2 protein chains.
Amino acid sequence: MLDYKLLAALAAVIEQGTFERAGQHLGLTQSAISQRVKLLESRLGCPVLKRTHPLSATDVGQRLMNHIQQVRLLEGNLIEHVPALGPIEQRLRIALNADSLATWWCPATASLATEPAGLIELVIEDQAIGLKRMQEGDVAACLCSSEMPIQGARSHFLGHMRYRALASPDYVNRYFPNGTTSEALSQAPALVFGPNDRLQHDYLASIGYHHTFPYHGCPTVEGYLRMALNGWGYGMIPEIQAPDALKEGRLVDIQPGTWLDVPLYWHHWRQSSRWIETFTQQLIKQAPQWLKP
Amino acid sequence: MLDYKLLAALAAVIEQGTFERAGQHLGLTQSAISQRVKLLESRLGCPVLKRTHPLSATDVGQRLMNHIQQVRLLEGNLIEHVPALGPIEQRLRIALNADSLATWWCPATASLATEPAGLIELVIEDQAIGLKRMQEGDVAACLCSSEMPIQGARSHFLGHMRYRALASPDYVNRYFPNGTTSEALSQAPALVFGPNDRLQHDYLASIGYHHTFPYHGCPTVEGYLRMALNGWGYGMIPEIQAPDALKEGRLVDIQPGTWLDVPLYWHHWRQSSRWIETFTQQLIKQAPQWLKP
């Protein structure tokens, strides 16, 4: 069998980001961690870590992480049947988009909070690329806008998240006095979440605008909403994130009657732990309360 | 003078993360960008980019970014006096902590939204390390818990952000029926924002607990608050982020009468643009409404 002491050191480095924190996490010295990773690399004959900051896995390292993730899930199942083995820390890593975490995720999974089967680690990733994190072995499950499951995994459709292009009424008067003309869209600053956020581009293309546009960058969901409310720009905001602001007219559509529906799929390894099964059942049951069919 | 065409290509790559996006940003092909960066490297005789994902700057590259940032600020000043030069896109990059952006930042700067002097790009960085981003030339200003300005910059004290260790009443009954004993703290899951988030450690040390503790990881402010409200764990939450939940008793202190006050300083280059000056005056004037002295 593989030497899991070495693999555990690698996983701790990737998950904690530095040798020092990996050592703290495993109760070892930094140099012990470093020796284990070096030993692993010399046995494999190739590097498993890129010496970036934070440290990241090479292609080979990612394959090992993927394997570690799946072994951990199997261990979780085993411990349920042979509790004497435990407690092994079972930490479930889940990638999801920031908008879901800010809206429906917590109420939908609330009933799992009171008796957690272990610890969870949420990882934020744009819905367009969460699946990549799973493929890299970095997470055990993810929410993603792509349906196609990766090899060895399953996907479940949960529903659509409806995004509307919203801004403050004051902003709309200032920049769109004659509606969303091409001239106005080329001048009016949008709000963009980050370099992977293409929602504004997709929306503008859907209403027939294909040119560049100015934008302010704001990489958190709550900051994004507040910047829209304060009149910095317009942006694609989940309808369910701002029901009060919409009802009270503090946010309005820049072009009423238009929106983008983004599908969300839940992906998990086929050989999953019971805990992921519980999450899966809960999400399938609860998501329709918040997401569009 | 330096060849700013090459420097602009480098800046676009660092700020956009890939050659492809840098090309889109500057209206050039990916290969033109790549050639410019290579030419810059061959003239300098050393690499300016680390080929990581996303791409990042080497030490030399960071010095160049720092220089570019300051030249941009000077250009902004110049254009105010010689508008015929414009429009040069003036994009102000500011690093701040997610908690500030989720609470007092937007109301404090709201009056600047209606007549922005350019586009802003907010970069989220833990208050303990925002200054590093400025030092690296990645941002023109930052909010940081450290007072000491870096060379060529100024700092202004804005106030303290008060963090309290909060959880749902149900969670407190479940894990702390006899108060925050060492035994209980070793079992009760905390919420931790990310690997740079030491607030929970600092708080626990301040109440005399120095051992390890279990935690769920949750890297967004609104998700963090929601997980606390739903009983997943306790965590250090800014008092001003949850006034209603505190008043209504949906969140309570795990040990009443204890908290952490984190100072916030505003740092900016001494040779700043007028726009940063406006931000600085606005923040100094408004912050006391939300922050403790």
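This report looks at how chains A and B meet, at one pocket, and at a salt bridge in chain A.

The model is predicted, so to speak of local features a pLDDT of at least 70 is needed, side-chain atom pairs count only at pLDDT 80 or more, and totals for chains, interfaces and linings use all residues. Residues are numbered from 1 along each chain as its sequence is written, chains are lettered from A in the order in which they are written, and side-chain values use heavy atoms, without hydrogens and water.

**The interface**

Let's start where the chains touch. With contact meaning heavy atoms within 4.5 Å, 50 residues of chain A meet 50 residues of chain B. About 3800 Å² is buried between the two, with carbon and sulfur atoms giving 58%; buried area is the accessible area (1.4 Å probe) that two parts lose on being put together, summed over both. On the chain A side, Tyr215(A), Glu222(A) and Trp232(A) lose the most area to chain B, together 16% of what that side buries.

The elements giving two or more residues to that side include α2 (19-26), α11 (221-229) and α13 (274-286) of chain A. The biggest giver is β4(A), with six residues. Helices (H or I, at least four residues) and strands (E, at least two) are DSSP runs, numbered from the N terminus.

**The second largest pocket**

This pocket has a volume of about 970 Å³. Of its 28 lining residues, Leu225(A), Arg226(A), Gln241(A), Leu225(B) and Arg226(B) lie nearest the centre. Both chains take part: α11 and α12 of chain A and α11 and α12 of chain B each supply at least two lining residues, and α11(A) gives the most, with five.A pocket here is an open set of points on a 1 Å grid over the protein atoms alone, where a 1.4 Å probe fits, with protein on both sides within 12 Å along at least five of seven lines; lining residues have an atom within 4 Å of a point. The volume is the space filled by probe spheres set on the points, which are joined across faces, edges and corners.

Here are the two sets by residue class:

| Set | Nonpolar | Polar | Charged |
|---|---|---|---|
| Chain A side touching chain B | 26 residues | 16 residues | eight residues |
| Lining of the second largest pocket | 16 residues | four residues | eight residues |

Ala, Val, Leu, Ile, Met, Phe, Trp, Tyr, Cys and Pro count as nonpolar, Asp, Glu, Lys and Arg as charged, and the others, Gly among them, as polar.

**Salt bridges**

The rule (a side-chain nitrogen of Lys or Arg within 4 Å of a carboxyl oxygen of Asp or Glu) finds 14 over all chains, but zero across the interface of chain A and chain B. One salt bridge joins Asp170(A) and Arg174(A), with the closest N and O atoms 3.0 Å apart. These two are about one helical turn apart because they sit four residues from each other in helix α8 of chain A.
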